[in-house]
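Me: I am new to this structure and would like a close look at one part of it. Could you take me through how the first domain of the first chain sits against its neighbour, and then show me what lies around that?

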2 protein chains.
Amino acid sequence: MDTLELAEKVERGDRRALARAVTLVESGRADHRAEAVTVLERLAKTGRQALRIGLSGTPGVGKSTFIEAFGMMLIARGLRVAVLAVDPSSARSGGSILGDKTRMDRLSREAGAFIRPSPSQTHLGGVARRTRDAVALCEAAGFDVVLIETVGVGQSETVVAEMADMFVLLLAPAGGDELQGVKRGIMEMADLILVNKADGDLKTSASRTCADYAGALRLLRKRPQDPEGFPKAMMVSAAQETGLTEAWAEIEALIGWRRENGHWQGRRAEQARFWFQEDVRQALLAQLQTPDARARMRALGDAVARGEMPPGRAAQDMLADLRAVSASSGK
Amino acid sequence: MDTLELAEKVERGDRRALARAVTLVESGRADHRAEAVTVLERLAKTGRQALRIGLSGTPGVGKSTFIEAFGMMLIARGLRVAVLAVDPSSARSGGSILGDKTRMDRLSREAGAFIRPSPSQTHLGGVARRTRDAVALCEAAGFDVVLIETVGVGQSETVVAEMADMFVLLLAPAGGDELQGVKRGIMEMADLILVNKADGDLKTSASRTCADYAGALRLLRKRPQDPEGFPKAMMVSAAQETGLTEAWAEIEALIGWRRENGHWQGRRAEQARFWFQEDVRQALLAQLQTPDARARMRALGDAVARGEMPPGRAAQDMLADLRAVSASSGK
């Protein structure tokens, strides 16, 4: 299938073509990359834009259950839902989140849903670029909502926030010390905090946790992109499917306000600029990731560590090597 | 003066030649860089190694007074002392620390001393490389101790720790809340905490602060590179010149132990490898810092922000431009 045909099928919402296009943007091969860029360029002309929601939560908060319940609620409203993931550990673990679609059994069987695990990569920058491209493909394929899932470890949240229109933090009910457990930086990114498991024995504890976070959010400086009352903390129960429509109503209210006040467009524009710059930087550094370059870096690094060569001389030798490779490959 | 002559003069300890060589390593010009690498390579053959001490402290702790008093004490012991600085704000402020030698009036007039302000650069990576090269020049010029000063803001401390054999944190006496003020990451880098201004009315307060930090240091995990009792907290008074010889004795004890146990050599080897890798990365990214490249990045970034072009396509255009420039310049 050529790139034109692939792009057309993605635009028509063909999920198999979408999966194939995502595989293309995930590839590390230069020819695949060129094809991916062409597909993305064609699809940019559709002008379609989904609501991109970043979602973070540490293991144990019930993230898969929430995504499934929340996704099914959106599907029931006639919306199409894509779920992607940024997993910084995927290089080591082979993909620890969303690796198994059976974790979202019902959602994965819906015609209006598309679920894709985090691409396996050696570094977060590579995962980020591939996920961002996958988001663009899902948008062009006509999905209304793209959920971008990550784990609560810090750097990956920043990456997800850079490609999302808003950021949801999912938490579990906990004792009084729980506030300490969430990094301040992550809380400052959140537009909406959802305290999950607000059911059965945990309901009282969830209520207290929710009040604690609501209080903490009020202490944060008001951001220009927030309407009155945001960021906000709410309770949900993914297991009992309560609070989900209320959470969706708040998300719609927030995004509606941001669209009306130009913040949505402004954020998208700055994100696009950032990803362009990041793409260029990553591509320049990717020259160091070929097997030859890695071997040469290791050998020169060893010589430097043994004191046989100053770092600056070794760096100049390495750069000369890279230029020779680039010249001989005719690039 | 050619590079051979310059290197020879630096090796003989000629301070004017040293100042000139430092200017050379600070230059952004490619031909200067090539000369600098040659000079550094010649001088690496001297095999001379100074004791490199990283020193951090927020404004107001009396850092200049301490460096002057500590430096004069070392000079009195027949040691030669160089003082360099890593100032991440130098790009904006034109050099806020060590910009004015009159702050170290006595030390700057000593024949055995060499004081150099932080190089002005647009980014910390550039300041870091230039300072690290200046350290190597001072070592080859026969200085016994190189003090590398920075301000207590976090990232610059990491950079200084990466080029120092040990790290000293200078603090002022303060109330009970002071411990909160020092970032945990910076405290974990410190091999020695010196509470300054332990004189007059502040002596009691200094004593309490010192005890607080000693307690906090005991809570940190023991590192393999620390002998018994380290990291350590002590009191000094730079103004009254008390505690300085005691601090120096502790530094000598620490470094002696690390040399005997292989940690000193191991750290130097890993630092050299790190700087080589960092040099290569910075050089690759430096292609984006020419006036032409910056203008092109801005124009493409604007087009991407306006939605006229997907980020990936703009990135490929930019990379093609950079390759064309590189090819036409015959590099």
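Reply: Happy to help; here is a walk from that domain contact outward to the rest of the chain and its partner.

This is a predicted model, in which local features need pLDDT of at least 70 and side-chain atom pairs count only at pLDDT 80 or more, while totals for chains, interfaces and linings use all residues. Residues are numbered from 1 along each chain as its sequence is written, chains are lettered from A and ligands numbered from 1 in the order in which they are written, and side-chain values use heavy atoms, with hydrogens and water left out.

Let us start with the layout. Chain A is divided into domain 1 (1-46), domain 2 (48-261) and domain 3 (290-329); these bounds come from an automatic or database domain assignment. Where domain 1 of chain A meets domain 2 of chain A, 18 residues of domain 1 are in contact with 20 residues of domain 2, contact meaning heavy atoms within 4.5 Å. The two domains of chain A bury about 1,600 Å² between them, 58% of it on carbon and sulfur atoms. Buried area is the accessible area (1.4 Å probe) that two parts lose on being put together, summed over both. A:Arg15, A:Leu18 and A:Glu26 supply 37% of the area that domain 1 of chain A buries against domain 2 of chain A, more than any other three residues.

A:Glu26 also has a charged partner: its side chain and that of A:Arg116 meet in a salt bridge at 3.2 Å, N to O. A salt bridge here is a side-chain nitrogen of Lys or Arg within 4 Å of a carboxyl oxygen of Asp or Glu. The rule finds two salt bridges across the interface of domain 1 and domain 2 of chain A.

Which elements build the domain 1 side? Helix 1 (3-11), helix 2 (15-26) and helix 3 (30-44) of chain A each supply at least two residues of the side that touches domain 2 of chain A. Helices (H or I, at least four residues) and strands (E, at least two) are DSSP runs, numbered from the N terminus. The largest share, eight residues, comes from helix 2 of chain A. By type, that side of domain 1 of chain A divides into nine nonpolar, five polar and four charged residues. Ala, Val, Leu, Ile, Met, Phe, Trp, Tyr, Cys and Pro count as nonpolar, Asp, Glu, Lys and Arg as charged, and the others, Gly among them, as polar.

Stepping back, there are 15 helices and seven strands in chain A. The C-alpha atoms of chain A fill a box of roughly 65 × 50 × 40 Å, taken along the principal axes.

Now for the partner chain. Here 41 residues of chain A are in contact with 41 residues of chain B, and the two chains bury about 3,400 Å² between them, 74% of it on carbon and sulfur atoms. The count between chain A and chain B is four salt bridges; in a salt bridge between B:Asp302 and A:Arg273, the closest N and O atoms are 2.9 Å apart. Helix 3, helix 13 (263-286), helix 14 (291-305) and helix 15 (311-328) of chain A give two or more residues to the side of chain A that touches chain B. Helix 13 of chain A gives the most, with twelve residues.
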